[in-house]
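Got the model loaded in your viewer? Here is a quick walk through it, from confidence to packing.

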Amino acid sequence: MPDKGSVASAPDFSTVASGPVRSRAEVPEREGPASVPPGNPTVTALWEQFPDGVLRNRVCAGDEDVVYIDPERVTEILGWLHETAGQQYDHLADVTAVDYGGGRPIEVVYQLWSIPHRAALRVKCELPLDALEIDSVTGIWVGADWLEREVYDLFGVTFQGHPDLRRILMPENYAEGHPLRKDFPLRGRFSRAEQTRRALTQDPEDYYMPGEIGERTPQVVGSGADGGDDAAGSGAGVGTEGGDDGL
Amino acid sequence: MASSTVEYAVGRNPEMGPAGTPVPSPLEPFDAPEPELGSQTMLVNVGPQHPATHGVLRLVVELDGETVVSVVPRLGYLHSSFEKLGEYRTWNQVVTLTDRMDYLAPLIYNCAYVMAVEKLMGIEVTERCKVARVICMEMDRIFSHLLWLGTWSIDVGAFTPFLYAFQQREKVYKLHEALTGARITTSATRIGGMMADFPEGWTRGVREFADNLPATLDEIDTLLTCNAIHIGRTQGIGAISAEEAVNHGLTGANLRASGVPYDVRKDRPYYDYESYDFEVPIGCHGDCYDRYLVRMEEMRQSVRLLHQALDRLPGGPMDVEDPRISLPSKTDCMSDMESMIHHFKLITEGIPAPAEDCWFSVEGSKGELGMYVVGDGGPKPVRWRIRPPSFVNLSAIPKLAEGHLMADLIMINASLDIVLGEIDR
């Protein structure tokens, strides 16, 4: 999707944002600690603690504090939020990603909640499409394990240091790419016949051979699966790599 | 903490109960020297088609004798890509996708989704709608817990509670049907209100259900809570400490059984939950038995909430009176050209949302159900994300089951209360 200013065909929200629907002024996104007055004191503390790690902050949907941080320092900053006495964001509610399309960077979103202090914070990291790598936070929250696997599966973001980075919802031999990316067509890249053939030829026994449990290396998805560029036109061509042993 | 611990009149085996009643002892394990066996482990494939996995879940279990060495859950058999489908629909059309995820508590999902979108759009729903949604959500919390109770008792080897629970569930099915026309796929909410106002006499039906449920719960309580086999199979099984439970991201009854009083209804109240009088039950051992007790008590608290909500249900309109959000009445559409155009435009164009994102979570029946919606100024979501509580809860199963017996794995899986439609989405 293009930027909010340049939506041509969509209805203009500014005309709608009056009357009973609460008007929400355009939130400025300036650099610097005083850019947006946050409701959550953690945001101010983050600015003081990591003046060069925090990129900007904004307030969304009325009362939700969002902090954009440097992806390089994600474990450092989130670890600080988790450990520091006054913060204690001990509950990692969610890890997800947003692809806005149009070549914009993919946002990895961490939704935090502090059970002792009852405070919510959303931390975002922007990853350019040609460098979809970020450190895993499984060392801080064990619960991030499957959430990061899901982001890897559906968006293709690689989490460095993740103990078991495999696809989780899609089959392990899925070769059509990462479904939640905007350049991924709704019905997939392969033909229906090819998809059926692949589903039938996969051998479930592959995934639980003795000795493989617990010591699997992260599966590297084939080069044709990594995005829109080369896999898009490969309708039936890629199909041969799955082997013909099943049918 | 705003929540309070609920005292259970059940002692821990083998102690005496607080009331002085002896708690029947579970079967003692046979204590004899075991013959030396080989150290080879065995792989057992549980599911995906197995009643004890509560859906198409597949657990690859590595066994040393009967002891679980490791568990590797494999998901995705029910993956429908609801989040991707949602990006191709207008905000209102997504509602139909939400109840297909958790078909055990569809109204909670309907409500949670529209509440997130309404927060994104800055819509304040009417008082009647708020209370109506509280009624719907509490009713479906009981609805979901009753299914858990039935399947849980079957897993533990008791068939009767299953029948009792499903007898009560049938009443909720009928209430669903009277409200929406569908028994499972309710799709009852719309942005800014509900699909329709409550039908005539519907609240009386809810009241009747809430009146009759505690008797059934008491009966099941008698059958299970002090039952020796039930206690022996669940106490001390799958225990997790409070710190670990929080670190694993557990929510809902699974977290509260470990003694963490985190309930979204209390900690981040929505829809005036702070003004209702109810308690959040917490356990202290974090094992399967505590999860059972917590859910049983949650149903009783939900009955209290239902009564209070029914008492305070105000009159007035159900939908917001804003022509940009709510549809005109069908009668107007059929008789008035402008209303018909209005209806047509709202349906075909949808309601635009601002270019922002919004996170909203409610206390679902399985845990914290979060909805993350991202708009771009258009009538369709850029991203619609569900924070699936049972997905995160299930991710702790390798930790919970390690070192227990194969039969305990079934109880641990049952105690987590998962629904695969939401895990796979």
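What follows covers confidence, the contact between the chains, a sheet and a helix pair.

Keep in mind that this is a predicted model. Chain A has a mean pLDDT of 73, with 66% of its residues at 70 or more. Its residues 1-30 fall below 50, though the model still gives that stretch 50 contacts beyond near neighbours in sequence. Another weak patch is residues 214-247 of chain A, where pLDDT stays under 50 and the model has 45 contacts beyond four places in sequence. Where pLDDT is low, the coordinates should not be read in detail.

On to the two chains. On one side, 45 residues of chain A are in contact, and they meet 54 residues of chain B. Helix 1 (13-16), strand 3 (91-98) and helix 4 (144-155) of chain A each bring at least two residues to the side that touches chain B. Which element of chain A gives the most to that side? Strand 3 of chain A does, with six residues. By class, the chain A side splits into 30 nonpolar, six polar and nine charged residues.

Over in chain B, there is an open sheet of three strands, ordered 6-7-8, with antiparallel pairing. Here are its strands:

| Strand (chain B) | Residues | Note |
|---|---|---|
| Strand 6 | 357-363 | edge strand, pairs on one side only |
| Strand 7 | 368-374 | joined to strand 6 by seven bridges |
| Strand 8 | 383-387 | edge strand, pairs on one side only |

From one strand to the next, the twist averages 15°. If you want a concrete spot to click on, Trp359(B) has Tyr372(B) in strand 7 of chain B as its bridge partner. Helix 3 (residues 106-121) of chain B lies across strands 6 and 7 of chain B, running at about 145° to strand 6.

Last up is a helix pair. Helix 4 (residues 127-156) and helix 11 (residues 288-312) of chain B pack with their axes 9 Å apart, at an angle of about 155°. Angles over 145 degrees count as roughly antiparallel, so that is how helix 4 and helix 11 of chain B run relative to each other. Their crossing is left-handed. Helix 4 of chain B makes the contact through residues including Val131(B), Ile135(B), Trp148(B) and Trp152(B), while helix 11 of chain B offers, among them, Tyr292(B), Met299(B), Leu306(B) and Arg312(B). What is the class make-up of the contact of helix 4 with helix 11 of chain B? It has 13 nonpolar, two polar and five charged residues.

How values were computed:
Residues numbered from 1 in each chain as written. Chains lettered and ligands numbered in written order. Predicted model: local features only at pLDDT ≥ 70, side-chain atom pairs only at ≥ 80, totals over all residues. pLDDT = per-residue confidence, 0-100. Contact = placed C-beta atoms within 7 Å. Helix = DSSP H or I, 4+ residues; strand = E, 2+ residues; numbered from the N terminus. Nonpolar A, V, L, I, M, F, W, Y, C, P; charged D, E, K, R; others polar. Pairing = 2+ DSSP bridges. Axes fitted to C-alpha atoms, helices over the stretch in contact; angles between N-to-C directions. Parallel < 35°, antiparallel > 145°, perpendicular 65-115°, else oblique. Left-handed = near helix turned anticlockwise from the far one by under 90°.
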